[in-house]
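Here's a quick briefing to read with the model open beside you. Have a look at the fold first, then work through the points by topic.

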Amino acid sequence: MGSCFSVESRSPIPNSPTPTLGIKKKKNSKKRPPGLRSSSFDHRREEQLHRVAGRMCLNGSSQVASLFTQQGKKGTNQDAMIVWENFGSRTDTVFCGVFDGHGPLGHKVAKRVRDSLPLKLSAHWEVNLKDSNDVLKEIIMGSLNSEGTSINSPSPFEETDKNPEIFQTLKESFLKAFKVMDRELSMYANIDCFCSGTTAVTLIKQGQHLIIGNIGDSRAVLCTRDKNDSRVAVQLTVDLKPNLPAEAERIRKCKGRVFALKDEPEVARVWLPNHDSPGLAMARAFGDFCLKDFGLISVPEVSYRRLTDKDEFIVLATDGIWDVLTNEEVIEIVASTDAPSQAAQAVVESAVRAWRQKYPTSKVDDCAVVCLFLGLDTSATKRDPGKNVEEEESSSTMNMETGKDWSALEGVSRLNTLLTLPRFDEENREPGDNGKI
């Protein structure tokens, strides 16, 4: 789905809003930290991240995961993905995420969030665990009577199915990490996020605990077994688009506008109060600071699920997949793949075929898929042979109702022309062009 409306994307339509991009950018009075200025610093950090054991962000696989992304027909691939085994130096913990960038510098925003968000999440998790342990020690010491025997009272940190301790700890960590990530994006000198941004659907799996943090319209789907031992798809996230009543209400209360164009009545978009731009097709995102004062937020929906032996795998994917394949189709593709290591690629290839069949005059969208297989041991990662990092980068609340598909495109014919802001093309960049709108 096109994320943003662009005056370049089509001819004017009678009686429909005319997009204007004359948005005055706020001056950022905050002093930029030195580390946010240096592109060489960023390059060194990226090289170091690529050397981290158990961390994958390129097409490849391990015994627990399969990753694949493919550029569409709109320009630079703006999708990014990551799987990080032994996350936070915990042998039973995996972090996964997919990120769908949009706007002129969406590809840079998506990669930045992919690289930085997991580090922030891990750091906040450590801090929250330490704080919890300190409080727990105080409670234990305070519960001892004068003879040194403990009083039998339930601990507020006692884990229950409804409210496990790890969920409370990680929910706070997700909220803090997303907030810091968005604030940091606003201060980067070499990435203009004023009209560029990214979605993020992320998860942490530790043992049987699954915690998901989501903004935007990328999606997480679980494959599990029902009582008849049949595979069923369980959508773990909601596509956070402006068509959702609660999202639209928040945006309107902040003076933002929500409406659809006449030739795509089912695609609600977010607009500035006094300008028919940018027409963002999601209600939450990193970046997109032109809309942050008008109802767009980067606060994630955080949910928890306790995994069981019936749960087989989880698929995270950008909307290039979900716009043309149903949840059920995706899990069947993964389940029928001979080699699990090829599962993500099989989903992407099926989506590309579906695009060409269903929308032959539309440009195929970028696609990124992460398949996380449950109940398997971790091992060394595998990458496509013969490719280095640069080559692959350039080519490349509790349980939801079972089977519920929250896509805003359900039952709606897709338009032949997609609405997108022009993408940043480094090869055809004009002298003096800084990629701003």
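Let's start with a charge over a ring: Arg-112 sits over the face of Tyr-188, 4.4 Å from the ring centre. Keep in mind that this is a predicted model, with a mean pLDDT of 79 for the protein chain. From there we'll go through the rings, two buried strands, a helix and the low-confidence stretches.

**Rings and charges**

- Arg-90 does something you can look at alongside: it lies over the face of Trp-125, at 3.7 Å from the ring centre.
- How many aromatic pairs are there? The count comes to 8.
- One of them is Phe-167 with Tyr-304, a tilted pair with 5.7 Å from centre to centre and 40° between the planes.
- Phe-167 belongs to helix 3 (residues 165-185) and Tyr-304 to strand 15 (residues 301-306), so this pair ties together parts that are 137 residues apart in sequence.
- Both partners are tucked away: Phe-167 is buried at a relative accessible area of 9%, and Tyr-304 is buried at 2%.
- Trp-84, Phe-87 and Phe-95 are linked into a cluster by ring pairs.

**Strand 4 and its partners**

- Trp-84 from that cluster also takes us to strand 4, where Ala-80, Ile-82 and Trp-84 point one way and Asp-79, Met-81, Val-83 and Glu-85 point the other.
- Is strand 4 (residues 79-85) enclosed or open? It is largely enclosed by the rest of the structure, because 7 of its 7 residues are buried.
- Strand 1 (residues 55-56) pairs with strand 4 in the antiparallel sense over 2 bridges, and Arg-55 stands opposite Trp-84.
- Strand 5 (residues 93-102) also runs antiparallel to strand 4, joined to it by 7 bridges.
- If you want a landmark in that pairing, find Met-81, whose bridge partner in strand 5 is Val-98.

**Strand 16 and its partners**

- Strand 16 (residues 313-317) is mostly covered, with 5 of its 5 residues buried.
- Both of its faces are covered: Phe-313, Val-315 and Ala-317 are buried on one side, and Ile-314 and Leu-316 on the other.
- Strand 9 (residues 219-225) pairs with strand 16 in the antiparallel sense, over 5 bridges.
- Strand 17 is joined to strand 16 by 5 bridges, and these two run antiparallel as well.
- Leu-316 is a handy residue to click on: its bridge partners include Ala-220 and, in strand 17, Val-370.

**Helix 7**

- Helix 7 (residues 343-358) has 16 residues and should span 22 Å at 1.5 Å a residue; its end C-alpha atoms are 22 Å apart, which agrees.
- Its buried residues include Ala-343, Val-347, Val-348, Ser-350 and Trp-355.
- What covers the buried residues of helix 7? The cover includes strand 3 (65-70), helix 5 (319-322), helix 6 (327-336) and strand 17 (367-373).
- So you meet strand 17 twice, because it is among the elements covering helix 7 and it also pairs with strand 16.

**Where confidence drops**

- Across the protein chain, 68% of residues reach a pLDDT of 70 or more.
- Over residues 6-20 the pLDDT is below 50, and this stretch has 26 contacts in the model beyond near neighbours in sequence.
- Residues 34-38 stay under 50 too, and the model has 8 contacts for them beyond four places in sequence.

Key:
Residues are numbered from 1 along each chain as its sequence is written. This is a predicted model: local features need pLDDT of at least 70, side-chain atom pairs count only at pLDDT 80 or more; totals for chains, interfaces and linings use all residues. Side-chain values use heavy atoms; hydrogens and water are left out. pLDDT is the predictor's confidence in each residue, from 0 to 100. Contact means heavy atoms within 4.5 Å. Rings of Phe, Tyr and Trp (its six-membered ring) pair if their centres lie within 6.5 Å; planes under 30 degrees apart count as stacked, over 60 as edge-to-face and the rest as tilted. Helices (H or I, at least four residues) and strands (E, at least two) are DSSP runs, numbered from the N terminus. Buried means under 20% relative accessible area, exposed over 50%, partly exposed in between (1.4 Å probe, protein chains only). A charge sits over a ring if NZ of Lys or CZ of Arg is within 6 Å of the ring centre and within 35 degrees of the ring normal. The expected span of a helix is 1.5 Å times one less than its number of residues. Two strands pair if DSSP finds at least two bridges between them.
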